[in-house]
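Reader: Before I rely on any label in a description, I would like to see the criterion behind it. Could you take me through the reasoning?

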Amino acid sequence: MIKTNCAKLNTWVKMWADIMQPENVVLCDGSDAEFTRLMDECVAEGLAKKLNEKKRPNSYYFQSDPSDVARVEGRTFICSRKQEDAGPTNNWMDPKEMKRILIGKYTGCMKGRTMYVIPFSMGPLGGPISQLGVEITDSAYVVGSMKIMTRMGAGALKLIEEKNDFIPCIHSVGKPLPDGLKDAKWACAPIDDKYIVQFPEEHEIWTYGSGYGGNALLGKKCFALRIASKMAQEEGWLAEHMLILKLTKEATKETKCVCAAFPSACGKTNLAMLIPTIPGWKVETIGDDIAWMKFDEDGYLRAINPEAGFFGVAPYTSAKTNKNALDSCSKNTIFTNVGYTPDGDIWWEGIGYPCPKGTIDWKGNVVDDPESRDEDKNPVAHKNSRFAAPAANCPGIASDWESPKGVKVDAILFGGRRPNTVPLVHEAEDWAHGVFMGSIVGSEVTAAAIGLKAGVRRDPFAMLPFCGYNMGDYFQHWIDMEKLPQAKGGKHMPKIFFVNWFRRDKENPALKSEHGFLWPGYGDNSRVLAYIFDRCNGEGKTVDTPIGKVPAPGQINIEGLKSCYNEETMKAVLTVNVDEWKEEVGRIEEHYAKFAGHLPKELSDRLAILKQRLGM
Ligand code: SAT
Ligand code: MN
């Protein structure tokens with residue numbers, strides 16, 4: 001059994017070891033040597049491949065079971081004592097009942113396996129916004145990934161010992177190995193037997209049956225979003241599904257920090273690592289997925305990235321779409337479910353060069369004829385294949401990305417993928433209006449998305465699967481932030497903007513070659529960031545519309561863009577069409593109806609203002 005100077009930890013580990021009955025228990029120190037040793041053990045057991053040391057030093061390749069390739073939202077539960085406190089957007093079960101079920105599953109679940117004990121810190125060690133946790137797991141892959149994604153090991157343990165406290169995180173792949181049974185290449189339980197469970201009142205996480213991503217790396221979505229969002233509500237801070245970037249105007253060396261929330265498939269990682277196309281501006285990355293924000297003594301919101309790595313979607317990451325992300329996985333990286341090339345490197349669709357003949361696909365089959373392969377039906381890399389890469393590898397990482405006190409947040413962005421209705425950028429009139437914007441975030445989905453009807457799929461604050469309590473109460477918490485004593489009168493709240501890079505124009509043939517989008521996106525989004533920067537200084541001219549302030553003509557720099565993006569297209573991309581917004585109001589009312597009894601009055605008031613302005 002392990003022996004630390006944290007009595008609570010010793011007792012807790014002993015209790016779980018008695019239940020799970022592992023062959024042995026190992027306390028992880030987080031060293032580079034430990035990482036290499038564990039990964040090399042996986043290689044020796046046939047669970048992983050070591051990548052070509054010359055091409056991709058200290059990096060490893062895993063293939064998951066085909067049934068275990070993503071988060072499982074249908075098997076994710078918020079087990080608050082009252083169902084109402086989980087709210088209308090979360091699966092719920094009574095915590096006592098859930099614990100009874102899971103203790104049954106956990107009993108003997110680590111037979112024949114090693115129990116790893118992982119002390120970790122979310123955020124820089126000892127920082128005022130950081131939090132401590134300990135994950136128990138029977139997966140060496142999880143240990144290696146946690147080493148990349150969190151500050152893990154001896155340093156975190158020392159702080160846990162000082163505090164005698166931590167957030168308990170329990171994980172098992174749910175596949176005991178009794179009597180020397182040989183391990184599967186990727187151990188996991190069947191889909192109906194997977195459990196991703198949060199107990200928000202106790203600040204505990206219990207998961208079972210999956211080894212993949214957010215189901216198993218418990219620092220990420222389970223802790224840093226679901227549990228932390230609840231802690232943040234209790235303590236007056238924010239735990240958000242947001243990237244953090246730092247924008248510098250080179251002429252004056254002035255900087256602004258921006259946090260941004262987008263539903264999936266909106267290019268969040270690309271924005272976090274953007275390389276500006278306009279001269280005189282620099283974007284640096286602080287985080288690509290999660291932001292924790294707390295007021296400082298002067299009432300400014302400051303943000304940290306609680307993670308230490310990027311768990312990024314691999315396909316379509318290329319030198320063209322996101323060079324910084326590609327460079328981040330040049331070494332010390334774990335790849336899962338991508339292709340494995342004959343020279344011991346990785347490959348995925350959209351990496352920017354053809355698939356080498358003889359590559360092994362994510363299911364383990366040899367790709368004989370890469371050219372004739374149907375990328376949609378049978379991709380070489382699974383669509384949710386991932387790299388786990390240290391953030392420190394990123395050439396565009398900001399020098400202060402690990403600042404324990406965090407960076408001052410100047411602006412918050414919300415966005416979605418909307419082919420119409422929503423302009424390129426508009427600005428909230430005040431904090432409550434900004435919260436309204438966050439509450440109606442959504443993306444247009446096509447009927448092809450399985451099981452969904454076409455239309456706008458709402459994903460408020462991009463937190464739909466990640467809010468650890470009633471989402472209506474979460475809206476209220478956002479509203480209340482500016483009124484907290486820590487906000488010191490709310491004078492320094494960040495400005496809030498809504499962006500939409502995805503507006504289309506069917507009428508304009510010149511844009512057809514540009515996939516019909518009215519805005520070029522990618523690095524050219526720096527033009528919108530530059531406008532937002534100026535707005536944070538009270539500069540730049542705006543026009544009032546029923547939905548908020550949009551840039552006055554000529555305010556967004558379009559110099560050097562292709563000729564199809566001109567003043568004409570700018571007018572189209574910034575238009576606020578009253579009829580489209582009248583339809584949008586109907587959809588917002590439908591969306592808000594779900595939160596009846598928990599919807600803040602400030603939000604229904606804001607909707608009433610919008611209706612009145614639209615003449616409804
Ligand atoms: O698997 S993760 O939860 O880490 C990533 C995601 O699905 O958003
Ligand atoms: Mn995410």
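**Labels and their grounds**

Author: Lys 221 is buried, and Asp 289 is buried as well; please keep in mind that this is a predicted model.

Reader: What makes Lys 221, His 241 and Asp 289 donors of the manganese ion (ligand 2)?

Author: Donors are N, O and S atoms within 2.8 Å of the metal, and the atoms NZ of Lys 221, NE2 of His 241 and OD of Asp 289 lie 2.1 to 2.2 Å from the manganese ion (ligand 2). In sequence, these donor residues follow the spacing K-x19-H-x47-D. Lys 221 lies in helix α7 (residues 219-235), whereas Asp 289 lies in the loop between β14 (281-287) and β15 (291-295), so the pair ties together parts that are 68 residues apart in sequence.

Reader: How do you know that Arg 71 and Gly 214 make polar contacts with ligand 1?

Author: A polar contact is a pair of N or O atoms within 3.5 Å. An oxygen atom of ligand 1 is 2.7 Å from an N or O atom in the side chain of Arg 71, and an oxygen atom of ligand 1 is 2.9 Å from a polar backbone atom of Gly 214, so both pairs meet the cut-off. The protein covers 89% of the 250 Å² of accessible area that ligand 1 has on its own.

Reader: Why are β18 and β23 called paired?

Author: Two strands pair if there are at least two bridges between them, and three bridges join β18 (residues 334-336) to β23 (residues 386-390), which run antiparallel. The bridge partner of Ile 334 in β23 is Ala 388.

Definitions and conventions
Residues numbered from 1 in each chain as written. Chains lettered and ligands numbered in written order. Predicted model: local features only at pLDDT ≥ 70, side-chain atom pairs only at ≥ 80, totals over all residues. Heavy atoms only, no water. Donors = N, O, S within 2.8 Å, 3.2 Å for Na, K, Ca; no water. Helix = DSSP H or I, 4+ residues; strand = E, 2+ residues; numbered from the N terminus. Buried < 20%, exposed > 50% of the residue type's maximum accessible area, 1.4 Å probe, protein only. Polar contact = N/O pair within 3.5 Å; in protein donor to acceptor, adjacent residues only side chain to side chain. Areas by Shrake-Rupley, 256 points an atom, 1.4 Å probe, with all protein chains shown as cover.
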